[in-house]
Amino acid sequence: NFLKEEIMNQYISILTPARKNMHKTVTEAEMKIIETHSEYLTEKHKIGIVTFAGTSFEEGQNHFALVVVNAESKAKAAKIIDSDPAVAIGLLISNLTEFNTFLK
């Protein structure tokens with residue numbers, strides 16, 4: 001596991017859909033991209049790069065997802081998030097910021 005060899009910082013990406021209510025009106029093509037997005041994050045989680053990923057679905061609320069990334073720098077965290085297929089294609093928009101988990 002690479003995390004044992006390097007000191008990592010945490011970053012959180014707040015992902016929002018490119019269009020409102022996308023989670024309610026997702027197209028078949030968009031769903032395929034979301035599936036590759038999920039696979040990408042699962043692989044990053046298996047090797048310790050992604051600590052947490054989750055999404056909201058509450059009625060009347062702006063839909064969003066959270067991804068906690070371990071990386072040496074914000075630039076490297078941005079590269080990881082920007083390589084996510086849904087972000088790379090513009091289906092999801094990332095707002096990346098420094099983050100620190102203090103309770104698990």
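These exercises work through a predicted model of one protein chain.

**Exercise 1. The order of elements**

Find how many helices and strands the chain has, and the order in which they run.

*Solution.*
Step 1. Count the elements: there are four helices and four strands.
Step 2. Read from the N terminus: the order is β-α-α-β-β-α-α-β.
Step 3. Turn to the contacts between residues at least 6 apart in sequence: 67% of them join residues at least 24 apart.

**Exercise 2. Surface and interior**

State what share of the residues is buried, and what supplies the exposed area.

*Solution.*
Step 1. The chain has 104 residues, and 31% of them count as buried.
Step 2. The exposed area is about 6,800 Å².
Step 3. Carbon and sulfur atoms supply 57% of that area.

**Exercise 3. The largest nonpolar core**

Identify the residues that touch the most other members of the largest nonpolar core, then the elements that build this core.

*Solution.*
Step 1. The core holds 19 residues. Leu15, Val67, Val69 and Ile81 touch the most other members.
Step 2. Assign the core to elements. Strands S1 (9–17), S3 (65–71) and S4 (92–99) each give two or more residues. So do helices H2 (28–46), H3 (74–82) and H4 (85–88).
Step 3. Rank the givers. S3 gives the most, with four residues.
Step 4. Look closely at Val69. Leaving out residues up to four places away in sequence, Val69 touches Asn9, Gln10, Tyr11, Ile49, Ala77, Ile80 and Ile81.

**Exercise 4. The largest pocket**

Describe the largest pocket by its volume, its lining and the kinds of residue in that lining.

*Solution.*
Step 1. The volume is about 410 Å³.
Step 2. The lining has 25 residues. Nearest the centre lie Ile34, His37, Thr55, His63 and Ala65.
Step 3. Trace the lining to its elements. S1, helix H1 (22–25), H2, strand S2 (50–55) and S3 each supply at least two residues.
Step 4. Sort the lining by kind. It divides into 16 nonpolar, nine polar and no charged residues.

**Exercise 5. Three residues to classify**

Decide whether Ile12, Glu30 and Tyr40 are buried or exposed, and list what each one touches. In the contact lists, residues up to four places away in sequence are not counted.

*Solution.*
Step 1. Take Ile12, in strand S1. Its relative accessible area is 10%, so Ile12 is buried. Ile12 touches Leu66, Val67 and Val68, and also Asn95, Leu96, Thr97 and Phe99.
Step 2. Take Glu30, in helix H2. Its relative accessibility is 12%, so Glu30 counts as buried. The contacts of Glu30 are Arg19, Met22, Thr25 and Leu91.
Step 3. Take Tyr40, also in helix H2. Tyr40 counts as buried because its relative accessibility is 17%, and the cut-off is under 20%. Tyr40 touches Ile80, Ser83, Asp84 and Pro85.

**Exercise 6. Two residues outside the helices and strands**

Place Thr101 and Glu72 in the chain, and say how exposed each one is.

*Solution.*
Step 1. Thr101 is in the segment after S4. Glu72 is in the loop between S3 and H3.
Step 2. Apply the cut-offs: partly exposed lies between 20% and 50%. Thr101 has 27% relative accessibility, so Thr101 counts as partly exposed. Glu72 has 35%, so Glu72 counts as partly exposed too.

**Exercise 7. Sequence separation and distance in space**

For four residue pairs, set the separation along the chain beside the C-alpha to C-alpha distance.

*Solution.*
Take the pairs one by one.

| Pair | Residues apart | C-alpha distance |
|---|---|---|
| Ile12 and Ala53 | 41 | 9.5 Å |
| Tyr40 and Ser83 | 43 | 8.9 Å |
| Glu72 and Met8 | 64 | 4.9 Å |
| Thr101 and Ile12 | 89 | 9.9 Å |

Now join this to Exercise 5. Ser83, 8.9 Å from Tyr40 by C-alpha atoms, is also one of the residues that Tyr40 touches.

Technical notes. Residues numbered from 1 in each chain as written. Predicted model: local features only at pLDDT ≥ 70, side-chain atom pairs only at ≥ 80, totals over all residues. Heavy atoms only, no water. Buried < 20%, exposed > 50% of the residue type's maximum accessible area, 1.4 Å probe, protein only. Contact = heavy atoms within 4.5 Å. Areas by Shrake-Rupley, 256 points an atom, 1.4 Å probe, with all protein chains shown as cover. Core = buried A, V, L, I, M, F, W, Y, C linked by side-chain atoms within 4.5 Å. 1 Å grid on protein atoms, 1.4 Å probe; cavity = no way out; pocket = protein on both sides within 12 Å on 5 of 7 lines; lining within 4 Å. Points joined across faces, edges and corners; volume = space filled by probe spheres on them. Nonpolar A, V, L, I, M, F, W, Y, C, P; charged D, E, K, R; others polar.
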